[in-house]
There are 2 protein chains.
Amino acid sequence: MVLKSNPNLANMEGDNLYHLALDTSNYDLPEMFGDVRFVCIGGTSSRMENFARYIMKELDYKLPTGATLQDLSTAGHRFCMYKVGPVLSVSHGMGVPSLSIMLHEVIKLLSYAGARDPVIIRIGTSGGIGIAPGTVVVSNGALNGLLRPEHNNIILGKVVARPATMDQSLASALLEMGKHHDFTTVTGKTMCTDDFYEGQGRLDGAICEHTEEEKMDFLMRLNEAGVKNIEMEATALAAITKAAGVRSGNVCVTIVNRLKGDQVTFTKEELTQFALRPQKLVATYIKRELEKKSVMTNGKGVSR
Amino acid sequence: MVLKSNPNLANMEGDNLYHLALDTSNYDLPEMFGDVRFVCIGGTSSRMENFARYIMKELDYKLPTGATLQDLSTAGHRFCMYKVGPVLSVSHGMGVPSLSIMLHEVIKLLSYAGARDPVIIRIGTSGGIGIAPGTVVVSNGALNGLLRPEHNNIILGKVVARPATMDQSLASALLEMGKHHDFTTVTGKTMCTDDFYEGQGRLDGAICEHTEEEKMDFLMRLNEAGVKNIEMEATALAAITKAAGVRSGNVCVTIVNRLKGDQVTFTKEELTQFALRPQKLVATYIKRELEKKSVMTNGKGVSR
């Protein structure tokens with residue numbers, strides 16, 4: 001994996017991946033990360049640590065006695081990063097700016113490591129539009145707050161718009177995995193906002209200057225535009241990975257139906273169960289992909 | 001403290017401050033938070049936990065034997081929150097969206113608690129423009145990536161610009177505290193970006209489409225505009241608190257001089273020392289303010 005998206009990197013003496021607390025001088029990145037094929041990302045450190053333990057079980061991946069999973073980015077105090085064989089489990093915090101820092105550094109990491117055609121899959125939470133809470137949404141497109149399929153960044157004083165196109169083939173493959181689970185999985189567009197309260201039309205933030213009627217008009221507009229859920233990362237995920245030549249997908253469970261209210265009212269236990277759903281779906285995808293590779297490598301079927 | 005910025009709140013039966021893992025139904029917020037006067041905020045949980053322990057020492061605040069500081073928002077998995085007498089120490093993650101979630105919920109919390117004229121002070125890290133790393137910058141203004149003194153949010157499909165004006169009186173008071181310390185403290189404008197790499201003109205992200213010359217032209221433009229540092233929260237901090245009627249300040253140490261390079265090259269120990277500087281300055285401010293209050297209350301001087 002060579003990054004054509006930034007030729008400067010080839011001329012640098014070393015690179016300090018500051019927020020990940022890893023660098024090219026003190027770490028043998030190809031040795032550590034060369035086998036990574038799946039990068040699973042999500043907002044909180046606790047979710048991504050749980051996912052690392054879960055995928056370890058699912059892949060029947062064993063550590064030597066006396067060893068335990070280690071947060072590789074703990075010294076950076078920003079994100080967590082766990083590695084389970086070909087799977088990297090990394091947190092990204094909340095919102096586009098936080099995600100973008102992680103993506104820039106993880107994509108450089110994968111490039112320096114020589115990882116081969118890795119995919120980045122977000123397992124997140126979101127607000128649903130007209131679907132029951134607990135539904136899993138596989139994004140087939142990402143829209144910004146202006147309902148445009150693009151990610152806007154301000155670079156050197158100018159707005160730069162980049163297409164926020166989701167990888168359709170990966171989205172289809174992820175959607176297909178929904179059939180193996182007992183929860184509902186749908187596909188549709190995901191709106192990405194830079195704000196949880198006013199930016200998602202909520203009436204219950206510290207500031208609100210619009211009415212319930214204006215909110216509902218807006219949410220109905222989203223519904224008509226094919227938006228199934230709202231979160232805070234999709235456009236940047238789609239646009240940054242696309243620009244860097246990495247495939248990515250977005251799988252989010254909904255924890256509220258915004259056509260019925262603003263507040264998240266489920267118990268901690270219910271929310272934990274909901275949050276497991278994207279993890280289960282993505283684990284199934286990873287296992288299938290590894291089986292395919294195993295079939296190609298061995299020329300015979302696998303036992304799993 | 002009553003929030004005129006959202007009249008809807010008065011009509012709600014209860015409010016779940018979802019990302020803080022606190023709510024109005026299960027917690028007696030006035031009893032818990034009614035005495036809060038200073039809310040100190042910063043990116044990482046570790047810095048804000050350290051600050052809580054530091055301010056506890058500085059204020060000579062004692063917990064009963066057998067008690068320890070508790071992260072009040074740990075169940076939310078998003079932010080940390082520690083309370084030390086009149087001081088709340090809260091993390092906000094990286095970037096405007098993450099900060100804005102925390103601000104909306106903390107401002108509502110303070111309002112429900114009946115806190116009297118609280119101030120919110122960010123203690124952060126930043127990239128400097130033409131000043132030596134380690135310099136502390138007290139923001140007297142905040143500019144967005146287009147060099148406008150405003151915070152842009154997209155609400156119901158439309159861009160809403162709000163003035164990102166810093167509280168001048170608080171900025172002056174904070175700057176004054178610099179005189180009591182052996183590091184350099186300056187004041188100036190702070191540019192707030194939504195991206196650490198391209199958004200701050202860096203050449204070393206996973207994507208780069210501009211040249212070193214274009215970067216330097218831009219950084220020199222910032223220099224001429226009076227920008228002393230670049231970070232990722234200032235405009236939202238200024239605009240959201242102003243709209244909600246809460247005073248706020250921004251005190252950031254610089255960890256790189258962007259006129260000399262993009263990479264952060266200091267050791268972990270050096271960076272830790274730098275990160276202490278805004279904490280020291282803000283602790284001095286808090287102690288002075290509490291002394292003033294004590295003088296007014298007692299009608300006599302205080303021993304500290």
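**Close-ups of a two-chain predicted model**

**View 1. Asp60(B), a loop residue with a positive phi.** Asp60(B) sits in the loop that runs between helix 2 (45–58) and strand 4 (81–84) of chain B. This is a predicted model, so read every close-up here with that in mind. Asp60(B) isn't a glycine, yet its phi is positive, about 55°. Is Asp60(B) buried or exposed? It counts as exposed, because just 9 C-beta neighbours fall inside 10 Å and the cut-off for exposed is 12 or fewer. For a sense of distance, the C-alpha atoms of Asp60(B) and Arg221(B) are 46 Å apart, with 161 residues separating the two along the chain.

**View 2. Arg221(B) in its helix.** Over at the other end of that 46 Å separation, Arg221(B) belongs to helix 5 (residues 212–224) of chain B. Arg221(B) is partly exposed, with 13 other C-beta atoms within 10 Å.

**View 3. Helix 5 of chain A and what comes just after it.** Helix 5 of chain A has 13 residues, which at 1.5 Å a residue should span 18 Å. The end C-alpha atoms of helix 5 are in fact 18 Å apart, so the two figures agree. Just past helix 5 of chain A comes Gly226(A), with a positive phi of about 85°.

**View 4. Ala21(A), another non-glycine with a positive phi.** Ala21(A) has a phi of about 60°, positive even though the residue is not a glycine. Look for Ala21(A) in the loop between strand 1 (16–17) and strand 2 (22–23) of chain A. Ala21(A) counts as buried, because 20 C-beta neighbours lie inside 10 Å.

**View 5. Helix 3 of chain A, end to end.** Helix 3 covers residues 96–113 of chain A, 18 residues in total. From first C-alpha to last, helix 3 reaches 25 Å, close to the expected 26 Å. How many of the residues of helix 3 are buried? The count is 18 of 18. Gly114(A) follows helix 3 and has a positive phi, near 75°.

**View 6. Leu109(A) in the nonpolar core.** The largest nonpolar core holds 173 residues, and Val90(A), Leu109(A), Val90(B) and Leu109(B) are the ones that touch the most other members. Setting aside neighbours within four places in sequence, Leu109(A) is in contact with Leu17(A), Leu20(A), Leu22(A), Leu29(A) and Phe33(A).

**View 7. The strand 8–strand 9 hairpin of chain A.** Strand 8 (residues 150–155) and strand 9 (residues 158–163) of chain A pair antiparallel, over six bridges. One pairing to pick out joins Asn153(A) to its bridge partner in strand 9, Val160(A). Two residues lie between the strands of this hairpin, and Leu156(A) in the turn has a positive phi of about 50°.

**View 8. Where chain A meets chain B.** On each side of the contact there are 59 residues, 59 of chain A and 59 of chain B. Helix 3, strand 8, helix 5 (212–224) and helix 6 (234–244) of chain A each give two or more residues to the side that touches chain B. Helix 3 of chain A supplies the largest share, nine residues. By type, this side of chain A divides into 28 nonpolar, 22 polar and nine charged residues.

**View 9. Around the rotation axis.** A turn of 180° with a shift of 0.0 Å along the axis lays chain A on chain B with an RMSD of 0.0 Å. That's the relation of a two-fold axis. Both copies use the same surface, with 100% of the contact residues of chain A recurring in chain B. Which residue of chain A comes closest to the rotation axis? That's Gly93(A), whose C-alpha is at 3.3 Å.

Note on methods
Residues numbered from 1 in each chain as written. Chains lettered and ligands numbered in written order. Predicted model: local features only at pLDDT ≥ 70, side-chain atom pairs only at ≥ 80, totals over all residues. Helix = DSSP H or I, 4+ residues; strand = E, 2+ residues; numbered from the N terminus. Expected span 1.5 Å × (residues − 1). Least-squares fit on C-alpha atoms with pLDDT ≥ 70 in both. Contact = placed C-beta atoms within 7 Å. Pairing = 2+ DSSP bridges. Core = buried A, V, L, I, M, F, W, Y, C linked by C-beta atoms within 7 Å. Nonpolar A, V, L, I, M, F, W, Y, C, P; charged D, E, K, R; others polar.
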